[in-house]
Amino acid sequence: LKIQQDGAGYGISLDQNGNKPAIYIDSECSTQPTFEIATPTNTTGHVMQLNDADSLTTAGILYMASNSTSTGTRNLVTIINDNTLATGTTALKIQQDAAAPALNVDQNANSQAILIDAHQGTSNAAILINAPINTTNAVLEVTGCNSLTSGEIATFYSNASNTTSRNLVKITNDHASATGATPLFIDQDANAPTITIDTEATTAHGIHFDNPTQTTGNIIQITNAEGFTTGAGLQIDCGSTGLATTLGGGLIEVMHDGNSGANVNNLMYLGNYHASSTGTTLLKLDQDSTGTAIEADMAKGGYAISGSANSTGSFGSAHIADKVVVGATTTQEGKLRIEGKVGGFAWAVGEGSTTRAGLYLDGSNHSEFYMYNGGGTLINWIRTNGTTKLDGGDVTFGATGAKISGSSTSTG
């Protein structure tokens, strides 16, 4: 049967008024198409068009099914745009005007639901969601992953050896007025780590903040940590036997290399703001070895320890470690100044001297100072409760002719 239509009419017109297929084809083809439209000359008209399927209820416009048991590789539907110059061609377009999914994939086998073999190169993304108008709902959402055991909700993997700087995952909030936007929010309800970083880097940073612009805000802030008992806000566990002892080493390093002039800057600040927390120690050092607990390099001068305190209660007792090293040279050792106030009276200990004299403050009556030489021998002591005793050594007041004047009554 051959039909040739040279006019502007239908080649074949079927008016099917019964409840049966309008065209039924029983084909025995094996290597050839059952239905073929060869070399159509359409330009602005569609090669195949199904119009006005407005009576549909539960049926569809196009239905294609296969129950073949063959394991041969095949595509049930193939759409090919085979000319690289046809840059305005979209291989498949779906327009959904109803509030229902535009594409529904029901994958019941153990394989990928969607597989994209992308070769677009350097200029375009493999998947692009362009200008969505979402307001209170998510642009991309993966939900109901309740069957997971050792799997992940999302995996991003790269094995590229290229050394070009790049970000494997990038999140950008590009509007300065969006002050309520959090680029990444993680809600962990289980008793497990919220973030785990397994890094094999040796000289690069595990976490890096690049040129933060905070002024009165904090770069890292932990708020409302009121649940702590024996835990820590920050814990570093290190068993390394090769820790660096140079300027750029240590478990924690705080550096300030800007010229802030005379501005008061605290590179590290510890505060206990509750007066009832009398058992709280701001800084505790536990040194089990014979090494130095605190070492200050004061090569440029200044005080290694400086502070002030007011006390209206009993002084109690104080203990300072047996060895405090301050400065890098002999003339700088002992360059330490301590100032305080006890019972309304101010006291101070100066910067020390090359004799490296020690100091002992008797806390029982606030009145006696004992001075020792570098070998631990008592060289002088002063009692300030009305009697001053100088035991050993000479006392010189001013130049020749200096004297001590006053009045006293002595019975001894």
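These legends go with an overview and several close-ups of a predicted model.

**View 1. The whole protein chain, strands and no helices.** Start with the wide shot: the protein chain has eight strands and zero helices. Read from the N terminus on, the elements simply go β-β-β-β-β-β-β-β. Of the 412 residues in the protein chain, just 3% are buried. About 38800 Å² of the protein chain is exposed, with carbon and sulfur atoms supplying 49% of that area. As for contacts in the protein chain with a separation of 6 or more, 20% come from residues 24 or more positions apart.

**View 2. T34 and its contacts.** Here we zoom in on T34, which is found in the segment before β1. What does T34 touch once its neighbours within four places in sequence are left aside? The partners are I25, S27 and C29. With S27 there is also a polar contact, side chain to side chain, at 3.3 Å. T34 counts as partly exposed because its relative accessibility is 47%, and the cut-off for exposed is over 50%.

**View 3. T39, a positive phi outside glycine.** T39 is a good one for anyone who likes checking backbone torsions. Its phi is near 50°, a positive value in a residue other than glycine. T39 sits in the segment before β1, the strand that spans 295-296. Is T39 buried or exposed? Its relative accessibility is 72%, so T39 counts as exposed.

**View 4. N211, another backbone to check.** N211 is not a glycine either, yet its phi is positive, at about 50°. Where does N211 lie? It belongs to the segment before β1. N211 counts as exposed because its relative accessibility comes to 63%, with the line for exposed drawn at over 50%.

**View 5. C145 and C238, with a word on disulfides.** How many disulfides turn up in a search of the whole structure? The search finds zero. For context, a disulfide covalently joins the sulfur atoms of two cysteines. Two of the residues to look at here are C145 and C238. C145 has a relative accessibility of 29%, so it counts as partly exposed. C238 comes in at 35% relative accessibility and therefore also counts as partly exposed. Both labels follow because partly exposed covers the range between the buried cut-off, under 20%, and the exposed one, over 50%.

Notes: Residues are numbered from 1 along each chain as its sequence is written. This is a predicted model: local features need pLDDT of at least 70, side-chain atom pairs count only at pLDDT 80 or more; totals for chains, interfaces and linings use all residues. Side-chain values use heavy atoms; hydrogens and water are left out. Helices (H or I, at least four residues) and strands (E, at least two) are DSSP runs, numbered from the N terminus. Buried means under 20% relative accessible area, exposed over 50%, partly exposed in between (1.4 Å probe, protein chains only). Contact means heavy atoms within 4.5 Å. Accessible areas come from the Shrake-Rupley method with a 1.4 Å probe; for residues, only the protein chains shown count as cover. A disulfide is a pair of cysteine sulfur atoms within 2.5 Å. A polar contact is a pair of N or O atoms within 3.5 Å; within protein, one must be able to donate a hydrogen and the other to accept it, and residues adjacent in sequence count only if both atoms are side-chain atoms.
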